[in-house]
Each structure stands twice: as structure tokens, then as C-alpha cells.
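Please consider the following structure with its sequence at hand. The paragraphs below lead through it step by step.

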2 protein chains.
Amino acid sequence: MGQKNEVNPIWACRGFPAFPVVLAAMGDGNGDGEKNIITVVLCHMFSFNPPVLGIGVSPSRHSYALLDKSDDFSINVPGKELVEEVLFCGQKSGKDINKFEECGFTYTKGKKIKSPVLPECMVNLECKKVNKIDAGDHTWFLGEVVHAEMENGIDRTRALMYWSGEFRVIGDIIRRR
Amino acid sequence: MGQKNEVNPIWACRGFPAFPVVLAAMGDGNGDGEKNIITVVLCHMFSFNPPVLGIGVSPSRHSYALLDKSDDFSINVPGKELVEEVLFCGQKSGKDINKFEECGFTYTKGKKIKSPVLPECMVNLECKKVNKIDAGDHTWFLGEVVHAEMENGIDRTRALMYWSGEFRVIGDIIRRR
């Protein structure tokens with residue numbers, strides 16, 4: 001084991017390798033009103049059965065107000081070929097532009113939710129909001145997965161990951177359970 | 001984009017590539033009482049400032065009762081050389097064995113918490129409990145990081161990841177932000 005140094009707790013996040021980065025899409029709760037897409041790296045499974053996913057979004061973001069109003073949202077897992085779109089949707093605000101048009105995403109309604117899904121992504125998870133948690137500088141919205149679609153024979157090594165300024169894919173399997 | 005199929009929402013988790021896997025360590029709240037280590041893949045940063053981390057643990061686990069009693073816990077990021085210990089701490093119960101002894105982890109008190117930390121890991125994050133969230137089959141404990149130690153010149157490509165039965169490391173950088 002290497003020599004350790006104390007670091008400022010604010011830098012605690014730097015100690016993690018990478019997390020899956022996803023595109024969350026949501027409407028304003030009406031189905032036909034405003035829609036937006038936001039890049040989210042604060043995303044995890046919260047429960048397997050029932051299947052519950054959570055996303056953490058800063059209240060300063062344009063998507064926050066939409067998520068707050070909406071009963072649902074979608075989580076879409078992008079492949080590495082979408083890295084420029086993922087970067088774009090993380091850096092630009094939906095207040096100023098239409099990210100569906102700018103990124104060339106096919107606008108597609110969810111099957112069981114009013115929010116859109118992104119068919120260009122490898123996985124589309126339709127979530128109904130079940131909880132909202134204020135966790136500090138990010139608020140987490142939890143949603144139960146009510147409909148899920150995945151690419152046939154999904155190749156997880158194509159999925160995009162992100163942390164600390166670096167987009168990556170996952171590497172070698174070193175052990176199976 | 002590949003052809004998609006509807007899948008059972010319960011399988012939604014299979015659509016993610018991998019998440020960092022960590023070792024959480026906790027006591028029974030007294031500092032000198034029972035201690036345990038549990039392997040956790042449900043772990044994420046919840047907030048950057050203040051720095052808040054969360055871990056999801058099933059109420060059926062021995063560690064759950066300890067976490068529930070304790071005011072704090074540690075999150076420790078293992079390198080890939082600890083893959084067997086990580087597997088062991090995920091499969092065995094602290095009810096039956098002493099995981100510190102079995103795994104050869106040096107028992108080490110936290111600097112700012114009563115729970116132990118694991119010096120053999122690349123990163124040690126000492127957390128004070130700030131929230132508890134029932135999310136379905138897992139309960140999430142959120143903790144503010146009050147003390148952090150990291151290996152000098154930390155190499156994130158050594159950190160262990162896990163999902164769907166596969167231990168991995170992260171792969172290539174495909175884009176910097």
C-alpha cells in the first residue's frame with residue numbers, strides 16, 4: 001500500500017475511479033410542454049426489487065425545476081459514440097437551446113411515462129418519481145423503473161463512464177464472482 | 001444504435017457498465033465494541049460541497065444494525081490487489097467471523113470518527129451520519145466526510161469496480177472534458 005496524505009474532505013470525490021454517466025430526460029409534467037435532457041454522473045441503483053434509480057441534480061440547473069414539476073423522468077445509458085452529445089448536454093443549458101435538436105436525438109415519448117426517452121442510447125429506463133432527497137449541493141430524485149428497454153446482446157464495454165474530467169469506458173474483467 | 005427489446009424492470013440494473021466497489025467499516029457506536037466490514041457497490045457521492053457520501057445496505061445484513069446504531073462509518077476504496085478480500089467481505093457475515101482477522105486488515109481507528117478505517121485501501125473517507133433513506137430493498141446511509149486520506153499520486157486505474165458478477169478496473173480515457 002502506498003503512503004497516504006490527509007486531503008481536504010471537499011476533495012473526497014477525487015478518490016473514486018469513475019461512475020456510469022447517463023442522460024436523463026424529462027418534461028414539465030404535461031407530456032406536450034417543455035422537454036429537456038441533462039447529463040448526470042450522480043446516478044445509481046437504489047433498490048433492486050422494487051427497481052429504484054436515483055439521480056442527483058443541482059437546484060441551479062434548468063432541469064431541476066422540470067424534474068420538480070414532473071411525475072417521471074427517463075434514464076438513458078449512452079454508448080461511447082455519444083461522448084460529444086453527453087459533454088454538450090452537461091455544459092449547455094436547456095434554458096437557451098433545444099438539446100433534442102442540437103444533438104439530433106429522435107424525440108420519442110416514453111411507453112409508460114410522459115417524459116421522453118432517448119432511443120439513440122443503449123438502455124432506456126422509464127422512472128416514476130417516488131422520493132426527493134436534499135443531500136447538500138445536489139438534490140436526488142428517486143424513481144421506480146416502470147418500463148425498461150435494452151439493446152439486444154448489450155455490450156457493457158461500450159457504455160460511457162465519467163469522473164474528474166475524464167470520459168472512459170470500463171476495462172478488463174479481473175475476477176468473476 | 002442496436003435493436004432494442006423490452007426487459008423486465010427488475011433487470012434494469014443490468015444495463016449499467018460497472019460501479020466503484022468499496023469496503024465500508026463501522027463499529028457499534030462505542031468505539032471499543034463490535035466492528036465489521038461490508039463490501040458495498042451501492043455507493044456514490046451525494047454532494048460535493050458539503051462532501052456527502054451514501055451507501056446502500058440491505059436491512060438483512062449484519063452491518064445494517066451496526067450502521068443503524070453508529071454515528072459514523074468509513075468508506076474505503078480498495079485497489080484491485082484486494083479483490084479476494086472484497087469478495088470475501090461481501091459473501092461472509094460478520095455475525096460468524098472477524099473480517100479484520102480473516103482478511104488481514106490492520107485494525108485502525110479513524111482520526112475523527114469512532115468507526116475503523118482500512119489502511120490497506122487506496123482511500124479512507126471518514127463519514128458522520130447525516131441521513132437515512134429507505135429506498136426499497138436497500139436502505140441508504142448518508143454521511144458527511146469529516147476526514148479524508150489518499151495515497152500520494154493516486155492511480156485511479158488500480159481501483160476496483162464491480163457489477164453483475166464481474167470485477168473490473170476502468171479502461172481507456174476516450175475524451176477529456
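How many bridges join strand β13 of chain A to β13(B), and in which direction do the two strands run? In this predicted model, seven bridges link β13 of chain A, residues 166–176, to β13(B), and the strands are antiparallel. One pairing in this arrangement sets Glu166(A) opposite Arg176(B) in β13(B).

The strand pairing belongs to a contact between the chains to which chain A gives 71 residues and chain B gives 71 residues. On the side of chain B that touches chain A, the elements giving two or more residues are β1 (4–7), β2 (19–20), β5 (43–47), β6 (52–57), α2 (83–91), β10 (123–134), β11 (139–151) and β13 (166–176) of chain B. The greatest contribution to this side of chain B comes from β13(B), with eleven residues. By character, the residues on the side of chain B that touches chain A comprise 43 nonpolar, 14 polar and 14 charged.

The relation between the two chains may be considered next. As a general matter, two copies of a chain are related by a rotation about an axis and a shift along it. Here, a turn of 180° and a shift of 0.0 Å along the axis lay chain B on chain A with an RMSD of 0.0 Å. The two copies are therefore related as by a two-fold rotation axis. Within chain B, the C-alpha nearest this axis belongs to Gly171(B), at 1.9 Å from it. Of the interface residues of chain B, 100% are also interface residues in chain A, so the copies meet through the same surface.

The helices offer a view of the interior of each chain. In chain B, helix α1, residues 62–69, has the buried residues Ser63(B), Leu66(B) and Leu67(B). These cover an arc of only 100° around the axis, and therefore they lie on the same side of α1(B). The buried residues of α1(B) pack against β3 (22–27), β4 (35–40), β6, β7 (72–77) and β11 of chain B.

In chain A, helix α2, residues 83–91, has Glu85(A), Val86(A) and Cys89(A) as buried residues. Viewed down the axis of α2(A), its buried residues fall within an arc of 100°, so they line one face of the helix. The face of α2(A) turned away from the buried side carries the exposed residues Glu84(A) and Gln91(A). The packing partners of the buried residues of α2(A) are β3 (22–27), β4 (35–40) and α3 (99–103) of chain A.

Certain details of the backbone in the loops also deserve attention. The peptide bond from Asn49(A) to Pro50(A) is cis, with omega near 5°, and Pro50(A) lies in the loop between β5 (43–47) and β6 (52–57) of chain A. In chain B, a cis peptide bond joins Asn49(B) and Pro50(B), with omega about 5°; Pro50(B) is found in the loop between β5 and β6 of chain B.

Another loop lies between β12 (161–163) and β13 of chain A, and Ser164(A) has its place there. Although Ser164(A) is not a glycine, its phi is positive, at about 50°. Is Ser164(A) exposed or only partly exposed? Ser164(A) is partly exposed, with 14 other C-beta atoms within 10 Å. In chain B, Ser164(B) lies in the loop between β12 (161–163) and β13, and its phi is likewise positive, near 50°. Ser164(B) is partly exposed, having 14 other C-beta atoms within 10 Å.

Definitions and conventions:
Residues are numbered from 1 along each chain as its sequence is written. Chains are lettered from A and ligands numbered from 1 in the order in which they are written. This is a predicted model: local features need pLDDT of at least 70, side-chain atom pairs count only at pLDDT 80 or more; totals for chains, interfaces and linings use all residues. Two residues are in contact if their C-beta atoms, placed from the backbone, lie within 7 Å. Helices (H or I, at least four residues) and strands (E, at least two) are DSSP runs, numbered from the N terminus. Ala, Val, Leu, Ile, Met, Phe, Trp, Tyr, Cys and Pro count as nonpolar, Asp, Glu, Lys and Arg as charged, and the others, Gly among them, as polar. Two strands pair if DSSP finds at least two bridges between them. A residue is buried if 20 or more other C-beta atoms lie within 10 Å of its own, exposed if 12 or fewer, and partly exposed in between; C-beta atoms are placed from the backbone. Copies are superposed by least squares on the C-alpha atoms of residues with pLDDT of at least 70 in both. The arc is that of the directions from the helix axis to the C-beta atoms.
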